Amino acid sequence: MALVMETAAWLRENITPIKTPTASSYGVKHVRERVTGRYITNGEFIAAALVAG
C-alpha cells in the first residue's frame, strides 16, 4: 500500500492529467521506474493512478 501511495504522490507531482490519454499505464509505469529506480507492478500503478485522480 505504501508503494501505491508513494506512486500516487509521484503522479500528482510529475504527470498532468488529460482527458484523452496518449500513453498506456504500462508505458508511464516504466517512466516512473526509470526515474525512481523502484519496481512497481502495473496493477499497483493503476491503483496509484486511481488514487491520484
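**Three helices and how they meet**

Leaving aside neighbours within four places in sequence, Val 4 is in contact with Glu 44, Ala 47, Ala 48 and Val 51. This is a view from a predicted model, and Val 4 offers a good way into it. The residue lies in helix α1. Because buried means under 20% relative accessible area, Val 4 counts as buried, with a value of 9%. Val 4 also shows how the chain brings distant parts of its sequence together in space: Val 4 and Gly 43 are 39 residues apart in sequence, and their C-alpha atoms are 9.5 Å apart.

The helix that holds Val 4 can be followed along its length. Helix α1 spans residues 2–14 and has 13 residues. From its first C-alpha to its last, α1 reaches 18 Å, close to the 18 Å expected at 1.5 Å a residue. Its buried residues are Leu 3, Val 4, Thr 7, Ala 8, Trp 10 and Leu 11. These residues cover an arc of only 165 degrees around the axis, which puts them on the same side of α1. A general feature of helices helps here: an α-helix has 3.6 residues a turn, so residues three or four places apart point the same way. The buried residues of α1 pack against α2 and α3. On the face turned away from this buried side, α1 carries the exposed residues Ala 2 and Glu 13.

Trp 10 is another buried member of helix α1. Its relative accessibility is 12%, so Trp 10 falls in the buried class. Not counting residues up to four places away in sequence, Trp 10 touches Ile 15, Val 31, Arg 32, Val 35 and Thr 36. Trp 10 and Gly 53 are 43 residues apart in sequence, while the distance in space is 12 Å from C-alpha to C-alpha.

The next step is to see how α1 and α2 meet. The two helices pack at an angle of about 95 degrees, with their axes 12 Å apart. That angle makes α1 roughly perpendicular to α2. On the α1 side the contact involves Leu 3, Glu 6, Thr 7 and Trp 10, which meet Val 31, Arg 32, Val 35 and Thr 36 in α2. By character, the residues of this contact divide into four nonpolar, two polar and two charged.

Helix α2 (residues 25–36) can be described in a similar way. This helix has 12 residues and reaches 16 Å from its first C-alpha to its last, close to the 16 Å expected at 1.5 Å a residue. Which residues of α2 are buried? They are Val 28, Lys 29, Arg 32 and Glu 33. These four cover an arc of only 150 degrees around the axis, which places them on the same side of α2. What covers them includes α1 and α3. On the other side of α2, Arg 34 and Val 35 are exposed. Just after the helix, Gly 37 takes a positive phi of about 75 degrees.

Lys 29, which sits in helix α2, deserves its own look. Is this lysine buried or exposed? Lys 29 counts as buried, at 3% relative accessibility. Leaving aside its neighbours within four places in sequence, Lys 29 is in contact with Tyr 39, Ile 40, Thr 41, Asn 42 and Phe 45.

The last pairing joins α2 to α3, the helix of residues 42–52. Their packing angle is about 95 degrees, and their axes are 10 Å apart. That makes α2 roughly perpendicular to α3. From α2, the contact is made by Ser 25, Tyr 26, Val 28, Lys 29 and Arg 32, and from α3 by Asn 42, Phe 45 and Ile 46. The residues of this contact divide into four nonpolar, two polar and two charged. Two of the α3 residues named here, Asn 42 and Phe 45, also appear among the contacts of Lys 29.

Note on methods. Residues numbered from 1 in each chain as written. Predicted model: local features only at pLDDT ≥ 70, side-chain atom pairs only at ≥ 80, totals over all residues. Heavy atoms only, no water. Axes fitted to C-alpha atoms, helices over the stretch in contact; angles between N-to-C directions. Parallel < 35°, antiparallel > 145°, perpendicular 65-115°, else oblique. Contact = heavy atoms within 4.5 Å. Nonpolar A, V, L, I, M, F, W, Y, C, P; charged D, E, K, R; others polar. Expected span 1.5 Å × (residues − 1). Buried < 20%, exposed > 50% of the residue type's maximum accessible area, 1.4 Å probe, protein only. Arc of directions from axis to C-beta.
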